[in-house]
Each structure stands twice: as structure tokens, then as C-alpha cells.
Amino acid sequence: MKIFFQPLLKKTIIVLLFLYSFLGFMIIPYLIQSNLTSIVKKQLNADAYLGSVHINPFTFEVQLKNFLLKDETGKTLFYFGKLNFNFELLNLLQNEIKLKNLLLDNVKSSLVLDKDNTFNFNHILTHIAKNTPKEKNVKVETKSSFLFSLDTVDLTNIRIKFIDELQSSSSSLSINTLSSKIKLSQRDDSLNLNIDNFNLKVPQMSFLDQRFEIEMKDLHHSIKNINLTQSDLTTYTIDDLILTTKSLSFKDKEKNIVEPLLFTNFSLSSNKFSNTKEQENKVNLSIDTPKNGLIKVSTDIALSPLSVEGKGSIENFNIVPYQNYIKDFIHLDIKSTKINTNADFSITNSTQNVLIDGDISDINLYHDKTKKQLLKLENINLNKVKYTNNNLMIDEIILDTFSTKFQIAKDKTTNFDNLIVSKEETEGEQKEEQTSPSSFLYHIKKIEFKNGKVAFSDYSLPLNFDTDIHHMNTTLEDISSSNQKTDIIFQGVVEKYGTAKIKATTIFSDVKEKTEVLVSFENIDVSSYSPYSGKFIGRKISDGRLWLDLNYKIQNGQLQSTNNMKIKDLTLGDDVNSTDALNLPVGLAIALLEDSNGLIELDVPIVGDMNNPEFQLGGVIWKTVKNIITNIVSAPFKFLGSLLGIESEELGEIEFQFAKSDIQAPQKQKLDQLVTILNKKKKLVLVLEPSYDKKRDSLFIIEQKFEQLVKSKDKIKKIEDIFIAKFGKDNFLKVQINSEKDKFIDILSSKIKKTIVVEDYELQKLAKQRVLNLQNYFVSHKLTLDKIQIKNKVINKESSSDGVFTLQLELNIKD
């Protein structure tokens, strides 16, 4: 019996093995391959194709090749070249689905969002939703457990492409390898996912649309372990996370940028990252920015409650590659700029604290429209920049070694014009947003400018003007949003030998409330300011040095100021044709104002209401100076008299008796005063004009000649004899008969005087003698001849007084 059953058993086992092998190797693969198309069509409403199925029923290895899933248009939706895995059958007895050595190779997927905002797989989702039976609203409490695990997962050669026809964009992802071990388990109400040794290698990933092109190369992502537990709360822990990429390029098509921004060596890492309360998560980030920059961030992050603390640094960050975004707001061409900073920061749900120290170096800025340099600055040093909850506090900002230019062109435009992008240049309409008053507070303790240089030019004048202010040093202390007083100190060198100093106290938020400014210029070469003198006074300046002390005080918009000006050896040059020039003898005003040492000193007080919208400080100052010059040159002797305490024009008027040229004693006092003043005014010349009053001087000359003619011991008889000789005996008797006795001699004298003739040369001689006597007096009292000019022309000038002849003096300046 035993002998009979043994061969039968063997045959049965062989037959069963054959049937099992035939079923596993042939029948099941055939059934799967032949029925897959109809199953997919029924379940997914999509066409599918499977190239081959291989199953090893003894090792439980399954291999699928060339699987293709199509969209409604017949194009590829999903494809893989090969899928391999090992199935652990016995584990099902323990409620465990276990797959070993899963390999998915040569995967291709193309996802499309068309212009109707519909994905190319929408027909699948619609079919599934339509054929899924609706569940009754009955709560069923079940408690079960299962375990699903993938012992080894390898995904290779994966290419995924997404096309958005709605936005005209596309993106693609290529994966060389993705490997891991995965376990998913459920125990009652708890779900646990564990992923070990996750490793992802992406040679290229890109995104492309009408605006941007983003491309990432050689991305590597590895995680030692991910553990996710979901029950009442969801917790997760990630161990040894590392994400690196060799390069990331970004191209903005809207900015017409030819060269994309290239970021390299991106690295993100964390030893442990978890959302548990007790876990502090350390995260490190570093990336090389374009033009050899480096950004590093190291943080400790707690998620519940949120808390972030860390440090960051920026090294050699060059802003040039990003300037096209700055040009949306300002027409600036940044040739170079490097930023180096270190920062400490802490952030919670309610607080933000950032502390920065750093510097910005090698700053070189040009106007993008004119291509002309605006500013060159070696370094900006930022010390203790602290931001806390919308409050900014800066200990110190130092701007070291800078140079800039400010130019005014012929048409009065400047090299800084059109720097800010106007609203008209901004494409599209921008809606104005109503914003609430800002609660931002700031306080800058100190801003310091060191070793600066400003080149200023003004070509809107009749003559081109250029000047330099160098070795500039400026300090501003306490600039804040809290109406705190700000102190300003400025000093610099003007041209070669001049100095400028400014000391001010003001409130930046409201300058009109309270401001005091002290300005001091010393030893300024005013000859370089000929373009301005040419415009306003019509003359160049050949020589001169300036000292200027200004004191401005503003209280509630009311300005009070003193302006003390000293000019040494001011010499005017050639005439300049200017329609804005004063029609006044400015040279004479200078000569009047200068003392014996060639020094002019003026005190010009200025007051005004700055609350008046028409108030312009420059206009007020110029008007005041203009009035001073006008008053001086229109009444020069009054000005000279004021130096001696004389409050009238009498110093310029010398009185003579009619028909006489000798200087009377009272007039000598005036002449002595003039000598004193003229010896102090080295450029002034006294001008004497020979003059006479023909009517009155002639009457007095006739009187003199008559007296000389009738001079005799018996004057009456002499008059009678002269009359008879001139008019005859008959006329004499006739006058005698017709005249009263006491008036007889006067009538004879009158008729004789009418016969006396005064020649013009006699009057001219009188006029010349008068000025000659004045000249002799001046010279005898130590006034040199070069300080006196006598006009050649002799004039007839009617005197304003019947008692004396007044000779009007004039003033001029030396040639």
C-alpha cells in the first residue's frame, strides 16, 4: 500500500507543481495582460496597454513591462518601462502586506491643464466619481490592525512634465533615482508611517512660463528616517535631513535679462526635526549667490509654540545682478556693491527681534538714463541695527570715503532729475491703497560721513560754474520718529584753501517747529564764483576772499537770522551780459564798503514767515542785499557820513560864495572829514566837477566889477562921471530931474551895471578855480592826487540856494 501511494503522491505533487507553475508562469500573466485594457477602461474610462507580465510563483517576483495609460486625445498620460517587486505571501496571514525590492524604471508622465481649465486626467476622476456608490451616513466603529511595508523601493529614470496652457507655462522633473524603505501600520486608532534611508537624486528640474524660467540641476535629497504617527495628535520626526543642489538658475523674461541669476551649492540640513513640544530643531542653510556671494543661516526652531532663534551671515553679496528689480522704482545703474552682514534673530508668535552688524562696500552708482556717475562710496558700516516689533534702533551708521556730483545744465535740469520712476512709466493702473497711519518707530543714534567730496557745477549761468568741496566730515546725532532734536555738525574744505562749517539743531519731522543753524565759511576764493556774480551783478570777480557767519533761528515757522559777511580784496573783472544783472554801479558800492585794508563787512538781518507758501529764503536774502547796494550807491555820501555819525548828504556838498572860489572855514570841516574817509577807502576817488551858476555868479561878478570901477575917495562923484561918460550929460540931467534925491545914485549905479559884461571864460575860470582850490586843500591835508579826479568839462548849474553856490561832489572808483 505504501509502495502504491508513494509513486502516486510524487506524481500528484509533480502534476500540482506543474499546474501551479503553469498557472503562475503562464495563465495569470496572460489573464492580467489580456484583461488589463478592459479593466482599466471600465474602472478609469481610459485606454491602457501593458507590454508584458512576468510572475515567478516560487519566488513571488512580479514584473510588469511597458505599461501605458493614455488621455482622451490618445496622448501619453502615464508610462513606465518596468515595474518589479517581490510579494511576501505568508505575511498576509499576519495582516501584513509586504513588498520587497520594488523597482520602477523609465517612468514618463505628461500632465496638461488646457485653456478650458481642465486637466487631461479629468475624465478619469469624473468616471470614478460617477461610478462610486454613495455611502449611507452611518457611523461604524471598527478597530483593526494592518501592516504595509516596502522593504526596498527604487525609482529610476523618472521624467514628469506639466504643461499649463492657461498660463502658457510648463515644468519638468527628471529623477535619476529615488530609494527608500517604507512601513505603514495601523493599530486600532493609531496610524504610523515610517520611511528609512530616503534618497532622491534629480539631475534636472525646470519651470517655464511667459514670465520666468527656473532650472535646478543635480538636486540630492536624503533623509535617514521619517516617522509619522497619527492618533489624537499628529506627530512626526525627521532624522538627518539633507537637501542639496548644485545650481539653481532664475531668468525673468519680463526684465529682458539675458544672463539668468545663478545660485549654486544650495544646502539645507537638519539632524533632527520634529513637531513635538520638547524638540528644538536645528536647521542649517547655505547658498552661493551670483558673483561669489554666500548666505548662511543657522536656526533653532520649535513649532509648538512657534519659536525661531538663529544666526545668519551674508558674505560678498553683490546687488548688481538684482538691479533690474530696483529699476522698477528708481533709474539707477549699480556698477558694483558688496554686502557683508552678521545677524542674530528670534521670532515667536508675538515678537520679532533682529540684530544686525555689517557693511556695504564698493558702492558705485550711475544714472541709468544718462549713464553718468552719481555716487561712489567705499564703505557703509552698520553697527547694532536692532529691529523689535516694528521698532528700529540703530547705534551707528558710518559712510566712509565718498564722492558725488551735482550738476545743473543750461536748461536748469540736474543730473539727479528723472531718477525716480514716475507713475506714467509704470505699466498698468495701480490702485491706491488706503493705509492706516504707520506705527513704525525708529531711532538712529548717530550717522557719520567721513572724507567726502562733492563736485558742484552750474551751467545755467552766463558763465559755467564749477567748484569742489572735499575732506567733508558730517555727523548727525539722534534721528528719530519721536520729535527728538537732531544735532548736525558739518565741516569741509572748499576748493584749495577755504573751509566750511555748519552746526545745526532741528527736528526732522517738523523743521519749522524749532531749528537753529550756525554756518561758517572761511577764506573762500570768490573769484571762482564769477558765474554767479556775472548773472546777478553783470561782472566777473577777479579776486577776493570771503568769510561768512550765518545764524538762523526758526521758531513755529518764524525765521530770524543774522548774516555777517566779510570780503577781503574784492576785485571785479570783465563785464558779463546778463538780463538778471543789477543795473547799479556795484563797483562803487564795493569801494564804499571797503575799509583801508580792503575789507568789506556787512551785517544782513533776515526775518520771514516760513508758513507763508510764497516765502523763499534765497529770494529774501537777495532782495535784502540788493536793497543795501541800492541805498549805498544812490546816496554814497550819506553812507560815508554815517561812518562819521553824519545823518545827511551834506558831506557831498561844498558851499562857495557867489563869484568867489575861496573855501570858507565851515566847509573845511567837511573837507577834513572827507580826507579821513577817502584815505581809508583805497578804491574810492573823489570827482570834482567845475561848475558855476551863470545867473547868480554873473550878478556877483558884475557887482565886483562895479565896485572896482567906482572905487574912489568920492564914490558918488565917480559914479556920476562914469554915467555921464557912458550915457551923456542930457541923460544924466533927465534922470536927476525924474528921480527922488535919495534914489538918484542907485538908479545911476543900476544903469552903469547893466553896461558891464561877464564873459563865459570868466565864469569858467571861476568854476575851475573852485575845484583847484579844493584839490589844493585836499593835497595839503595828505590826500594824494590819485584820489582826486577833476572833470574837464565846465558846467552851468543853477544853485538851489540864493545865498551860496553849492558844488556837488561825486565819487568814483580807480581804474
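The paragraphs below go through a three-stranded sheet, the helices on it, two helix pairs and one serine of a predicted model. Local features need pLDDT of at least 70 in this predicted model, side-chain atom pairs count only at pLDDT 80 or more, and totals for chains, interfaces and linings use all residues. Residues are numbered from 1 along each chain as its sequence is written, and side-chain values use heavy atoms, with hydrogens and water left out.

The sheet is open, with strand order β29-β27-β32 and mixed pairing; two strands pair if DSSP finds at least two bridges between them. Helices (H or I, at least four residues) and strands (E, at least two) are DSSP runs, numbered from the N terminus. β29 (788–790) and β32 (810–813) are the edge strands, each pairing on one side only. On average, neighbouring strands of this sheet are turned by 35° against each other, direction ignored. Strand β27 (residues 684–688) runs parallel to β29 and is joined to it by three bridges. Leu688 has Ile790 in β29 as its bridge partner.

Helix α5 (residues 586–593) packs on the sheet and touches β27 and β32, contact meaning heavy atoms within 4.5 Å. The direction of α5 makes about 95° with that of β32. Axes are lines fitted to C-alpha atoms, for helices over the stretch in contact, and angles run from 0 to 180 degrees between N-to-C directions. Helix α13 (residues 760–780) lies across β27 and β29, at about 170° to β29.

Next come the helix pairs. The axes of α10 (residues 715–727) and α11 come within 7 Å and cross at roughly 125°, so α10 and α11 are oblique to each other. Angles under 35 degrees count as roughly parallel, over 145 as roughly antiparallel, 65 to 115 as roughly perpendicular and the rest as oblique. In this contact, Glu720, Phe723, Ile724 and Phe727 of α10 meet Lys729, Asn731, Phe732 and Val735 of α11.

Helix α11 (residues 729–738) also meets α12 (residues 744–753), their axes coming within 9 Å and crossing at roughly 140°. This pair is therefore oblique as well. Phe732, Val735 and Gln736 of α11 make the contact with Phe744, Ile747, Leu748 and Lys751 of α12.

Ser661 sits in the loop between β26 (653–656) and α8 (665–680). Ser661 counts as buried because its relative accessibility is 15%; buried means under 20% relative accessible area, exposed over 50%, partly exposed in between (1.4 Å probe, protein chains only). Leaving aside residues up to four places away in sequence, Ser661 touches Phe656, Leu766, Gln769, Arg770 and Asn773.
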